[in-house]
Amino acid sequence: MDNAKLYPVISELQQFRKVYPPEHEIGIEIEVEGRNLQEFPMSRTWRKTLDGSLRGEESAEYVLHHPIPMKNVEKALNNLTAILKKNNAKKELSDRCGVHIHINVQHMTFMELINYLCLYLVLEPLLVSYCGNSREGNMFCLRAKDAPTLIDLIMNSYAHSDLYSLIGRGNHFRYAAVNVSSIRKHGSLEFRSLKTPKNFKKIIPWVNLLHKLKTTSYTFETPEEIINAYSMYEYERFLSRVLEEQAYLLMDIENINQKLLEGIRLVQDIAFTDIISPPITRKQFEQKKKELTGSVFSPNPFVFEEAELQEAPPVRVRVLPNRERALIPPGEGPRVQRPMWAIPEAVRDERADEREADRMATYFDQINQQIQHTDTHVDITDLPPDRRE
Amino acid sequence: MSEYRGFYDSNQMNHYLSASVIRLGTLPVYIVHAGFAGPARCILTYVPVGDTYEKRTEVSLNALDLTPVSLGFLVRKVPSKKGIGAIFKTSIISRLPIRAWKIGLSNENIRVDILNETGDREYESILVSKELRDTINGKYCNLQEAKTLLSLEGISGIIPFHRHFALEKSNKGGFSLLHYRHKKVPIGEINGDGVSLNKSFRFLNEALEEVLDGQRKAIPSNI
C-alpha cells in the first residue's frame, strides 16, 4: 500500500459518487430464478432488483446496499439465506444465474490495478474452470482467451499509463469475465464467472480467492514480476506463492499446467509492453492540480466540477395573478458550461443521462409536492411541449 | 416448456443463434434460423461457413458447440491489378465481450483490424467467407511455404503461417515476422533458415518454437 503515497489512487484520478473506506472491499450481486422470490423485506444489508436477462417463473437479483468488509461476507450471505428461507423461496437455477463479485479498487494506484488485473488474467483459465464447465465460453462472462480484445485494451492503457482508456469504453467490455467498465461506475472490478450455487455458502471460497489475488498483487511491482515468478517456480509452487493456503481449491482442475500457461501467454503481451509514458507520480499530480486551480478546468479534465455534481438547481416558482402557479423546468437558468471536448464521449453520455434523469426526478417531485400541498392547478401550457404529458 | 441448454423456447433460441457463427460438431456454421424440434432437439437452417448453400437439418442440442470459435489472422488472396501474381490481404479477427443477444460470432461482436495499407473492404459478409472458415479451423500454410510464396515475383502482402504469426517481406531483403497482438510492429526477422526475434519480443520465443516444431512434424499443406 506504500505505492499510494508515491502515486495517486484511483479515487483521486476518477471521481466517484461515494468513496468507501479501504476495508469495505466486497460487493455482491446474486441472480436467482425460482419461486416466491418477489417478496423481499426491507433489509439493512440487501436489496432486491430486477434483471432483464433472467427468466423462470420468478426472478430476482439480490444486491448488497454497500460494499462490506471481507470478514462480514459470511454473515451477509447467512442473512440472505435466512430471508429467502423465511419467504419459502424455491431456487431453480439455470446457466443465466450468476454471482457477480465486486472488489473495491478505489484505493489502489494505477499500477496496483494493472498488477491485480494481470494476476487475475494469469489464473483466469483456472478460475473459470473452478466455476464449472458451463462457465467456460459462456457469453455472459467471456474469458480473455475467448474475447482477447480485453488484452489489447489493457496493453494500451498500461503503455500510456492511462486509466481512462481502460475504463472509459462504455459497456463494450461488460460481458468479460472481469468487467473493467465497473471501475468507472462503482470503483470496483466485477468478477462475473461464478454460477449461482444452491447453497450461498459456496460463494465464500470464491470471494476468498479473488480477495487473496488482490492482496497478493500488492507484492508485485510490475506485471513482468508475475511472469518471472511463474518462470522461476513449478506451477504448484507458483500457485502456492500466489494463493497460499487457498491454492488447494484449484489443484484438482484438469490440465492445470496447460491452463496456467494459456494465462501466462496472454499476460506476457501486457507485461512486456513498451511503456510509452510512466504513471504520474503524486508530486506531478499535485503540481498539475496546483497549476489548474483557479482555471475553468477541474484538476482532472475528465472529472466534473464539484458544483455540477451537486443536486439539480431548485425549481423557480412564479405566482400568477389568477392564483395559478406555473413551474419553470429546471436547467433554464444560467449554468457554468465546461468544454465538451474535455470529457470523454462515454463519460459525457452517461453523466448527461444521469443528470437529466436526476433533474427530471427532482422536477416531477416538486410538481407532485405542489399539487398535494397547495391543491392548485398546474398550467401545462407553461411547460415545454415535449414535457406536457 | 422445459429448458434445454439454456434455451426455453424456439423464439429465444432463434434470437440467440441466428445470424451468428457457432459449430455443429466441428463444422463452423452460420445459423440462418433455429427452433425447437421436440425434447432436446432442434431444427437448424444454416450455411456452412465458406459455402454458399443453405442446409436444413434436425439435430440433438448436444451436437451444438456453443463455445467461442478460435480466431486470429485471416488472409484473402486477390489477383494483382497488374494481371500477374496475387496480393495477400490480411486482417486480424477478434471477438469483443459484447453480448448483444448472440451466443456465436456475429457482426456485433466481431472486430476486424485490417493490416494491408490498401485495405480490404470487399467482403459482402465476412461471417460466411471461406477465409473465416480457414481461420476458425486453423488452416494456414507453413512457414516454409509462406517464405516460398513471398519470394515469387508478383506476390505481395502478409502471409500468416499460424493464427498468431505471419510473415511479410522486409525492406532489407529478408522477411519480417508479425504477431497478431502487435499488429504491424515486426517482432523479428527471418534470414535464410534463421529466425531471430527482436530484443523486446524475446518472450514470444517459446510460443513461436512450439508453432515451428508442430509444423516440422506435420504433413506439408497443399496451399
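In the predicted model described here, Ala166(B) stands opposite Leu178(B), a residue of strand β11(B), where strands are runs of E in the DSSP assignment with at least two residues, helices are runs of H or I with at least four, and both are numbered from the N terminus. Strand β11 of chain B covers residues 175–179, and 5 bridges link this strand to β10(B) in the antiparallel sense; two strands are taken to pair if DSSP finds at least two bridges between them. The connection between β10(B) and β11(B) is a hairpin with 5 residues between the strands, and Gly173(B), which lies in the turn, has a positive phi of about 110°. As the model is predicted, local features need a pLDDT of at least 70 and side-chain atom pairs count only at pLDDT 80 or more, whereas totals for chains, interfaces and linings use all residues. Residues are numbered from 1 along each chain as its sequence is written, chains are lettered from A and ligands numbered from 1 in the order in which they are written, and side-chain values use heavy atoms, with hydrogens and water left out.

Strand β10(B) is also paired with strand β9 of chain B (residues 155–160), the two running antiparallel and being joined by 3 bridges. Within this pairing, Leu167(B) of β10(B) is the bridge partner of Ile159(B), and a hairpin of 4 residues leads from β9(B) to β10(B). Of the 5 residues of β10(B), which spans residues 165–169, 4 are buried, so the strand is largely enclosed by the rest of the structure; here buried means under 20% relative accessible area, exposed means over 50%, and partly exposed lies in between (1.4 Å probe, protein chains only).

Helix α3 of chain B (residues 143–151) has among its buried residues Leu143(B), Glu145(B), Lys147(B) and Leu150(B). The buried residues of α3(B) pack against several elements of chain B, including β9, β10 and β11 as well as α4 (205–217), contact being defined as heavy atoms within 4.5 Å. At the start of α3(B), a side-chain oxygen of Asn142(B) comes to within 3.1 Å of the backbone nitrogen of Gln144(B).

Two residues that are not glycines have a positive phi. Lys183(B), with a phi of about 50°, is found in the loop between β11 and β12 (188–191) of chain B, and is partly exposed, with a relative accessible area of 21%. In chain A, Asn88(A) has a phi of about 60° and belongs to the loop between α3 (73–86) and β5 (90–91); the relative accessible area of Asn88(A) is 46%, which makes this residue partly exposed.

Where the two chains meet, 28 residues of chain A are in contact with 27 residues of chain B. Together the chains bury about 2,500 Å², of which 56% is on carbon and sulfur atoms; buried area is the accessible area (1.4 Å probe) that two parts lose on being put together, summed over both. Across this interface the rule finds 6 salt bridges, each defined as a side-chain nitrogen of Lys or Arg within 4 Å of a carboxyl oxygen of Asp or Glu. Arg265(A) forms a salt bridge with Glu206(B), with the closest N and O atoms 3.2 Å apart. On the side of chain A that touches chain B, the elements giving two or more residues are α5 (149–160) and α12 (256–271), and α12(A) gives the most, with 5 residues.

Conventions: Polar contact = N/O pair within 3.5 Å; in protein donor to acceptor, adjacent residues only side chain to side chain.
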